[in-house]
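Q: Please take a close look at the place where the two chains of this model meet, and then follow the structure inward from there.

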Protein chains: 2
Amino acid sequence: MAQDIRAYVEELARAAKEASRPLGFASDEARQTAVRAMAAALRENASRILDANAQDMAAARKAGTTEGLLDRLLLTDERIEGMAAGLEKLAELPDPVGRVLEHRTIDQGLDLQKVSVPLGLVAMVYEARPNVTADAAGICIRTGNACILRGGSLAQRSCVAIAHALADAVEASGFPRDAVTIIETTDREATGALMSLRGIVDVLIPRGGAGLIQRCVRESLVPVIETGTGNCHIYVHASADFAKARRIVMNAKTQRVGVCNACESLLVDATVAEVFLPDMLRELSDAGVLIHGDETACGVCHELGLVQGEAFVPATEEDWGREYLAMEISVKCVSGLDEAIAHINRYGTMHSEAIVAEDPQACERFLREVDASSVYANASTRFTDGAEFGLGAEIGISTQKLHARGPFAAEALTTYKYEIRGTGQVRP
Amino acid sequence: MAQDIRAYVEELARAAKEASRPLGFASDEARQTAVRAMAAALRENASRILDANAQDMAAARKAGTTEGLLDRLLLTDERIEGMAAGLEKLAELPDPVGRVLEHRTIDQGLDLQKVSVPLGLVAMVYEARPNVTADAAGICIRTGNACILRGGSLAQRSCVAIAHALADAVEASGFPRDAVTIIETTDREATGALMSLRGIVDVLIPRGGAGLIQRCVRESLVPVIETGTGNCHIYVHASADFAKARRIVMNAKTQRVGVCNACESLLVDATVAEVFLPDMLRELSDAGVLIHGDETACGVCHELGLVQGEAFVPATEEDWGREYLAMEISVKCVSGLDEAIAHINRYGTMHSEAIVAEDPQACERFLREVDASSVYANASTRFTDGAEFGLGAEIGISTQKLHARGPFAAEALTTYKYEIRGTGQVRP
């Protein structure tokens, strides 16, 4: 059985890889046309997609799925229109393929060009969010890649219905329909099979929770772009404008709590803790944020009359490394910039880190010495986002250093090749 | 015991990672000075290094090591001077760190800069070639990275002596000596330990044979830059200038056989096989190249009076995927450009691939449609090399698509970060 699944996934992947070839050297216009046809196909097949989604929703309800997950799974006419409009926006993106990155004459007059090309076959593994199917397929086709998709099992019928509509459109645009391939089994073995296909699948991008991402990082032989986990800090320096600091912390912690660029930990210079923390902790507590404090922070909470075990708890060593994704924050006093930087470099996840300080030298040292994809002076970590950074359609936020770091978009789905044109040259 | 080795390697790596911090934001001049001091240290410590090497050589001879390996292991005054001169050349390389890759104003007047930064801690695993120690440490320090090195066990004493001299020089230049760290045990477990240190080691670069590289690709949790294997083809199109084709094939096959950019397989359009192959196969055979031929090629060999089993053998399916690294070549007739491209995309290793053709359209299709790091029209595959491509000091030739593809150099040891400077901005 496991063998059957493996053979099935490998067969799909080989066909998808073959389908990537003509896409790889298709013109910009041809790929734009295909993506627009994909948008149209979603609209035309809306009722079929909604039917499949209704079945997924019914099964999910029966299985006792939480309201939050059900909401992510639900499709409506409006949401399908949103997916279609998203595809049309992708069609307008500038083409990242075929750019001449370098051009020079080398040994014996050989003409060398370094040219951007698609990666080939992109695998995306995601959870029960049907809209990712259109999003992922769209960005792949736009950039000249084929894709093999693996959606969450709760959303299986919806994802398959969407993928079939998109594949039809790709085929009608003159490309092989296997360029949009979806794995049509909910067997867990299929993900393992996909991760073993090094040499066929060119990159694996997991989009989902920490469990999924860690499984891919640990098991995959296919290169992975690791996304997601953000244990983001805000460090309040002795020179900080405290009102600014409170505004930034409140925004980064509470504006949206379930996202990877939300603040999870507050560091404060010990010299200003007694002045800064009372108002800050009061404001956090009033907003319903549970405080995991060090000794000083817990002392301030006490003085504010907050109830231990309800409004605050003593932080443990484990708290410094936690991504709460909830109305919780850890708070720690540090001796100054050096300790703050060392703490962040030790416990951070290289996602988004901020300093609040009026001293420009402190800001510059922080920006330079903190090892993270996005480092801020006097702004909320919540800005880490492909659209905010002006990158176009974000695929994810990479917390690794190779290939793509921080928010990444279409360009991360390209590589390059060297083209050398000669007249018979040989190496002496 | 295994636990002890793991703890030892992790402790070394953590110290090296800490040492990478000050290097990461040191000035260009400070890093140049350190690399020059490393060169001087090799010269000053030459006799100590030669003593260590003499012990390695004696042990290797006793163990019955082949002459080829012994030659790679041997150090002489001249070779040490070569290593020192190599380091001085590295010091002169343009700085790949601190380049502003993008700069723009985003939401609410936030100032965003994308800046190149060092990777952090680079691990290099290599075989019994002591010179790689200086080479690897030099390029890492030059680019602001710390390194943790693991040399082949036959060269252990030589590698340690070199690394200690380099670490002394780094320390004398004002950086932590752990920035050049060598693993001082020959226990195989140490490589496994190194490969598990994701989050501490930022990249692992294996430099050596296919066995070492495949082990790293399969086992490493640390991101790997895969190098090395080259099953390179030369495709002779019907429109080819046959004299040119023969010259290119002879160069690519015989000029140096043990290298990854050497030709391993010859594809010939069937329509010209009877005209082209007799002279070509005669010339290859005269040079001592064993021919693994398809039916047509074996037929030509017969007609030339070559002896089967000595000068030629029938090719098996396995031959199409082999990297001989020897005076052997596989020869196959194809029906034309389509089959040639499909064959290469199936059996090649995405290293270096060449077409010989006078028809410019055939050349352009080949360059576009073959999926390899370096694609040639009318030139020998032997040009695939960092120095030939004008990249400065080559680290290796990547056969993967992410981060670095083809010959790669200093720039591949950098990543980037986004620096965002604000005045209190929060996300609405």
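A: In this predicted model, 57 residues of chain A are in contact with 57 residues of chain B. On the chain A side, the elements that each supply at least two residues are α9 (210-219), α10 (242-254), α14 (360-369), β13 (374-379) and β16 (414-425), and β16(A) gives the largest share, with 11 residues. Sorted by class, the residues with which chain A touches chain B comprise 23 nonpolar, 16 polar and 18 charged. The strand β16(A) also pairs across the chain boundary, since 5 bridges join it to strand β13 (residues 374-379) of chain B, the two running parallel; within this pairing, Glu419(A) stands opposite Val375(B).

Turning to the interior, the largest nonpolar core holds 164 residues, and those touching the most other members are Met38(A), Leu166(A), Met38(B) and Leu166(B). In chain A, and leaving aside neighbours within four places in sequence, Met38(A) is in contact with Leu87(A), Ala137(A), Gly138(A), Ile141(A), Leu166(A), Ala169(A) and Val170(A).

In chain B, Met38(B) is one of the residues of helix α2(B) that meet helix α5(B), and others on the α2(B) side include Val35(B), Ala39(B) and Leu42(B), while the α5(B) side includes Ile80(B), Met83(B) and Leu87(B). By class, this contact has 10 nonpolar, 1 polar and 3 charged residues. The axes of α2 (residues 28-44) and α5 (residues 77-92) of chain B come within 8 Å and cross at roughly 170 degrees, which makes α2(B) roughly antiparallel to α5(B).

Chain B also contains an open sheet of 4 strands in the order β5-β4-β3-β6, with parallel pairing. Its edge strands, each pairing on one side only, are β5 (180-182) and β6 (203-207) of chain B, and the twist from one strand to the next averages 20 degrees. Strand β4 (residues 146-150) of chain B is joined to β5(B) by 3 bridges, and Cys147(B) has Val180(B) in β5(B) as its bridge partner. Helix α6 (residues 131-142) of chain B packs on this sheet, where it touches β3 (121-126), β4, β5 and β6 of chain B and has a direction at about 160 degrees to that of β4(B). Helix α7 (residues 156-172) of chain B, for its part, lies across β4 and β5 of chain B and runs at about 155 degrees to β5(B).

Note on methods. Residues numbered from 1 in each chain as written. Chains lettered and ligands numbered in written order. Predicted model: local features only at pLDDT ≥ 70, side-chain atom pairs only at ≥ 80, totals over all residues. Axes fitted to C-alpha atoms, helices over the stretch in contact; angles between N-to-C directions. Parallel < 35°, antiparallel > 145°, perpendicular 65-115°, else oblique. Contact = placed C-beta atoms within 7 Å. Nonpolar A, V, L, I, M, F, W, Y, C, P; charged D, E, K, R; others polar. Core = buried A, V, L, I, M, F, W, Y, C linked by C-beta atoms within 7 Å. Buried ≥ 20, exposed ≤ 12 C-beta atoms within 10 Å, placed from the backbone. Pairing = 2+ DSSP bridges.
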